[in-house]
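Trainee: Could we go through this model together, starting with how its chains meet and then turning to charged pairs?

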Amino acid sequence: MTLNSALQQLIDDHAAGHALAQAFYADPGVFSLDRETILDESWHLAGHVSRLPRPGDYFLFNLLGEEIIINRGSDDGLYAHYNVCRHRGSRVCLEREGRKSSFVCPYHAWTYNLDGSLRAARLMDAGFNPQEYGLQPCRLRVLNGLMFVSLAADSEEFDENAGHFRKYLDFHGIEDAKIAHRLELPTDANWKLVVENFIECYHCIPSHPEYCSVHSELKLLAAGAGIGSGPEDACRAYEAEHKAWLERVEALGHPCDEGDFGNGAGMVRMPIKPGYLTESQDGQPVASLMGRFEEYDGGVTVIAFNYMNYMLASNDHAALLRFTPVSELKTEVEATWLVDGKAEAGVDYDPERVSWVWDVTLKQDAVITENNQAGVLSAAYRPGPYSGQEMMNRKFIEWYLEKLAQRAD
Amino acid sequence: MTLNSALQQLIDDHAAGHALAQAFYADPGVFSLDRETILDESWHLAGHVSRLPRPGDYFLFNLLGEEIIINRGSDDGLYAHYNVCRHRGSRVCLEREGRKSSFVCPYHAWTYNLDGSLRAARLMDAGFNPQEYGLQPCRLRVLNGLMFVSLAADSEEFDENAGHFRKYLDFHGIEDAKIAHRLELPTDANWKLVVENFIECYHCIPSHPEYCSVHSELKLLAAGAGIGSGPEDACRAYEAEHKAWLERVEALGHPCDEGDFGNGAGMVRMPIKPGYLTESQDGQPVASLMGRFEEYDGGVTVIAFNYMNYMLASNDHAALLRFTPVSELKTEVEATWLVDGKAEAGVDYDPERVSWVWDVTLKQDAVITENNQAGVLSAAYRPGPYSGQEMMNRKFIEWYLEKLAQRAD
Amino acid sequence: MTLNSALQQLIDDHAAGHALAQAFYADPGVFSLDRETILDESWHLAGHVSRLPRPGDYFLFNLLGEEIIINRGSDDGLYAHYNVCRHRGSRVCLEREGRKSSFVCPYHAWTYNLDGSLRAARLMDAGFNPQEYGLQPCRLRVLNGLMFVSLAADSEEFDENAGHFRKYLDFHGIEDAKIAHRLELPTDANWKLVVENFIECYHCIPSHPEYCSVHSELKLLAAGAGIGSGPEDACRAYEAEHKAWLERVEALGHPCDEGDFGNGAGMVRMPIKPGYLTESQDGQPVASLMGRFEEYDGGVTVIAFNYMNYMLASNDHAALLRFTPVSELKTEVEATWLVDGKAEAGVDYDPERVSWVWDVTLKQDAVITENNQAGVLSAAYRPGPYSGQEMMNRKFIEWYLEKLAQRAD
């Protein structure tokens with residue numbers, strides 16, 4: 001049986017409205033297909049530019065098993081290159097982040113400019129052309145201060161959605177934001193289990209008491225993981241609450257467009273909870289208002305750049321979340337909390353208060369997801385049916401299988 | 001070359017009276033065959049019911065790579081289920097043992113009754129039938145307080161031998177016993193190396209000075225690992241000692257039946273050592289007499305439930321031993337020491353004295369077996385001939401190869 | 001595609017003067033070929049006989065995944081055997097080094113004489129012939145106190161080169177030397193990356209400031225990793241310095257033959273640095289003169305026994321270096337520093353001063369090589385061109401591919 005026919009069988013065997021079979025969450029061969037069909041050609045959120053304030057600042061981004069150097073150049077531009085010397089293949093940067101005036105390979109001192117071009121290589125033969133030996137570039141795009149990297153994507157899709165996202169990114173002042181806190185959670189689970197955990201709020205009540213204390217109960221049922229993530233009757237029950245908030249938002253002249261742009265991309269604004277100004281433990285402000293907000297409207301803006309990358313923005317802070325696949329059983333989860341670029345830690349904001357809700361929630365999710373993966377690896381695992389609060393999972397799985405089916409054809 | 005023809009070659013190449021070739025002790029493919037032909041269809045001793053005194057008590061049993069929840073139900077019955085939620089596959093129990101009033105999946109709170117049936121699943125579609133979504137059961141049989149679990153066995157063989165075993169289990173009062181001590185020894189070795197270590201006493205003198213100090217020297221040579229485990233001349237030398245003990249046993253009216261029931265199952269009684277009442281460091285009592293014993297007869301009762309599970313019972317305590325395969329290079333070794341159910345720790349028995357002989361011996365065997373496995377993995381390993389004291393190993397290997405040959409046909 | 005055709009393709013794709021493609025540095029299948037074509041049939045330096053001064057002294061040598069017991073026998077001879085009992089395959093020696101009057105298997109006490117023959121096995125059948133069950137020997141050859149072991153080599157090649165090497169080994173008194181210090185550096189890298197690191201000095205200036213401080217700058221460029229390791233113009237620049245030293249050597253009547261014996265084997269003498277008597281931090285003596293040296297000539301003698309084993313001898317000490325392959329991504333690096341056998345630690349030499357240059361240099365190389373391997377494992381790795389100072393690498397790679405090509409034919 002060829003890979004294609006085995007895959008086609010697995011796809012044919014899928015029961016609509018159910019979780020995927022074990023192979024999709026565990027098999028290295030399926031992960032290779034995931035790469036070919038989806039992951040290599042995705043734009044992966046790598047962070048906010050304020051992580052690289054000065055020329056020479058860099059950090060290593062771990063994407064699909066590759067180490068990518070992302071750095072600011074002497075021209076103040078941003079660059080992404082594979083962390084592999086063009087001479088004999090050594091790692092060029094050994095620390096995970098830092099500042100360099102050039103990238104000097106620790107082996108033979110081949111020296112690369114901050115734009116990745118080869119500046120100097122001692123004692124090479126006469127015919128050696130340094131221009132042929134720059135670091136291998138990765139695709140990098142920056143949108144309002146958010147850096148996206150891809151191993152193989154073209155820029156078309158990126159540009160298509162950028163216009164939509166920019167409206168909210170502008171209003172929230174994301175370009176001028178700065179990092180208040182970062183959290184890395186390497187997670188032993190397939191990327192699809194991590195994504196599925198994020199796009200449903202069926203588990204919120206049992207698993208996330210802190211998160212639930214901050215959010216309206218009616219909303220959690222109807223739209224805990226975004227509009228459309230809950231069942232219809234819950235949506236109807238929640239309508240009035242949502243409408244009341246919408247009126248306030250419109251009165252303030254704040255934007256509240258919604259959109260579903262396909263491939264997991266979309267955006268929406270929602271109220272947090274009656275009486276809550278921001279997504280903090282007590283609903284009270286945790287930092288200066290950002291961007292064009294002059295008054296709290298109690299809303300949270302959700303942008304899904306794709307299934308793996310999100311921005312959750314209150315009026316005074318924002319959280320970037322990324323679920324970056326590493327291998328079939330490893331995913332890197334990272335949260336980056338942003339506040340206004342002019343805010344001062346200890347004066348205008350307390351990083352712990354800014355990050356509290358998602359810090360506690362993401363740590364719970366890491367445990368949940370690893371226990372999910374452990375059970376899925378059992379021979380006794382059988383995909384069960386999704387609940388009414390797992391509408392997004394149904395959609396995600398359908399989208400995923402369609403992508404794979406195109407490849408199997 | 002197909003698996004079958006490669007396997008047939010390995011079987012044909014086996015030299016009678018010698019250890020197995022490397023592949024049988026190391027190859028993942030052979031381990032799969034071991035599962036198909038033997039392990040999946042075996043009844044594996046999982047422990048004594050006194051580990052689960054109250055409704056809701058449970059522990060996780062690690063069998064062939066699977067986590068099995070074994071628990072007592074509200075109806076006081078015993079249950080075994082795979083630790084995998086029927087919704088999205090999460091582990092349901094995260095701790096290795098404890099007490100629960102129901103099994104609530106930590107992910108979405110699907111709630112299972114103690115009999116494994118699904119009690120509640122929030123927000124499922126109208127068509128959802130909870131009766132179809134109980135935890136997946138494992139086969140479980142209880143014999144005089146001993147719990148046996150199987151992934152695939154039918155009950156026929158179990159019932160066939162039960163009658164034989166019951167005679168001794170009854171007399172020793174195993175059903176009313178309680179656990180005095182437990183020892184787990186995860187061992188990095190193939191299950192057949194662990195079994196082979198246990199069924200011969202050729203290594204006792206070099207490796208187990210403590211064990212040898214407790215047992216008659218003549219007996220160790222003739223029957224250190226049970227009647228038939230030593231050479232004929234040693235058996236003859238030991239005859240008189242055995243006969244003297246038998247007379248005493250018969251005078252007391254204690255049972256002393258022997259039996260070989262095939263597939264490694266059998267039972268026998270033997271004296272410990274002249275002057276020794278029980279299998280303790282000094283031969284003196286270590287607990288209250290169990291079952292129907294009213295006087296010490298200095299014997300030890302050995303039941304082999306199969307090649308992987310044993311009971312070694314003195315008059316005042318018993319040790320359950322299990323060698324449970326996990327993967328081709330991992331086996332879980334566990335000892336459970338039982339005493340009379342009414343005995344009180346610190347008053348009627350001291351757990352350390354009860355467990356001394358086999359605690360020290362099994363720890364030595366774990367080291368021995370891992371060093372055996374390490375050498376067997378060498379390209380220089382060549383199966384050597386068994387000694388006169390490894391009669392049981394010859395028999396075990398013949399039985400094993402015959403089982404596999406049936407599959408290869 | 002068969003292994004041979006895939007391999008042939010990889011060989012055909014190789015660009016002359018460039019590093020190897022990823023597969024050669026990482027693939028388990030290629031490592032198997034490396035074993036068949038080169039490694040199994042090589043003589044691997046295992047150490048100096050003074051590590052085993054008395055009968056019964058032994059150590060375990062880790063070669064290509066196998067544990068080899070190397071020991072001195074009761075007849076004062078040296079022996080090498082696989083550390084695998086001929087009975088059931090247990091490891092026989094459990095400690096990495098020690099002294100034994102016989103090798104007693106810890107399992108069933110099969111007892112081997114120090115020459116590997118089976119002395120005693122209790123209770124074996126009448127037909128058992130102990131002479132058939134000695135430990136399995138490894139090939140062992142001793143040259144002037146240096147022990148070489150092979151899994152499969154014949155002795156012809158060894159004898160052929162021995163005559164050449166002996167001239168320097170004699171003059172340096174290696175046979176009568178003793179060990180001043182030993183350093184083990186298990187390195188997570190393919191053996192070819194470890195070798196390539198050693199045979200070029202292109203990385204010396206960026207990576208080894210300590211090493212460079214001890215060596216003439218002109219020489220480092222021309223012949224830092226031995227005559228022929230640098231570009232022609234550097235060689236010309238260095239000529240005068242070399243010639244001045246040669247005159248002094250000849251005046252003293254010290255030997256200075258050069259030779260390239262193929263397969264990486266060769267020898268040469270070179271000056272250290274004007275004013276330096278020995279390869280020490282300050283160039284001053286660190287031990288008594290060895291062998292037939294009566295006066296310092298400031299030279300270092302380099303013997304390459306093959307690509308993996310070297311001796312670097314000053315007049316008053318010597319360093320044995322071995323890069324012993326374990327698996328495709330693991331290599332054992334070891335340095336053994338020798339001084340005159342009659343020298344006394346603390347009186348005639350200080351082990352730290354003796355070992356300083358190569359201790360610091362090898363530790364740097366271990367880090368360098370592991371970072372090289374990490375980068376080579378990236379999908380972005382592309383073999384780059386060798387510099388003028390990597391002449392030996394070009395030669396090594398050509399030799400290696402030719403060896404493999406013979407196999408692929």
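Mentor: Gladly! Let us agree on a term before we start: contact means heavy atoms within 4.5 Å. This is a predicted model, where local features need pLDDT of at least 70 and side-chain atom pairs count only at pLDDT 80 or more, while totals for chains, interfaces and linings use all residues. Residues are numbered from 1 along each chain as its sequence is written, chains are lettered from A and ligands numbered from 1 in the order in which they are written, and side-chain values use heavy atoms, with hydrogens and water left out.

Trainee: How many residues of chain A are in contact with chain B, and how much area do the two chains bury between them?

Mentor: On the chain B side, 23 residues take part, and they touch 33 residues of chain A. Buried area is the accessible area (1.4 Å probe) that two parts lose on being put together, summed over both. Carbon and sulfur atoms carry 51% of it here, and the total is about 2,200 Å².

Trainee: Which three residues supply 26% of the area that chain A buries against chain B?

Mentor: No other three residues of chain A supply more of that area. They are Tyr202(A), Ala380(A) and Pro385(A).

Trainee: How many salt bridges does the rule find across the interface of chain A and chain B?

Mentor: The rule asks for a side-chain nitrogen of Lys or Arg within 4 Å of a carboxyl oxygen of Asp or Glu. Glu200(A) and Arg88(B) meet in this way, at 3.0 Å from N to O. Across this interface the count is four.

Trainee: Where in chain C do the salt-bridge partners Arg51(C) and Glu334(C) lie, and are they buried or exposed?

Mentor: Their side chains meet at 3.9 Å, N to O. Arg51(C) sits in the loop between strand E1 (44-48) and strand E2 (57-63), and Glu334(C) in strand E17 (residues 330-340), 283 residues apart; strands are DSSP runs (E, at least two residues), numbered from the N terminus. With buried meaning under 20% relative accessible area, exposed over 50% and partly exposed in between (1.4 Å probe, protein chains only), both residues are buried.

Trainee: Why does Asp57(C) count as buried, and why does Arg99(C) count as partly exposed?

Mentor: The two side chains form a salt bridge at 2.7 Å, N to O. Arg99(C) is partly exposed because its relative accessibility is 44%. Asp57(C) is buried because its relative accessible area is 6%.

Conventions:
Helix = DSSP H or I, 4+ residues; strand = E, 2+ residues; numbered from the N terminus.
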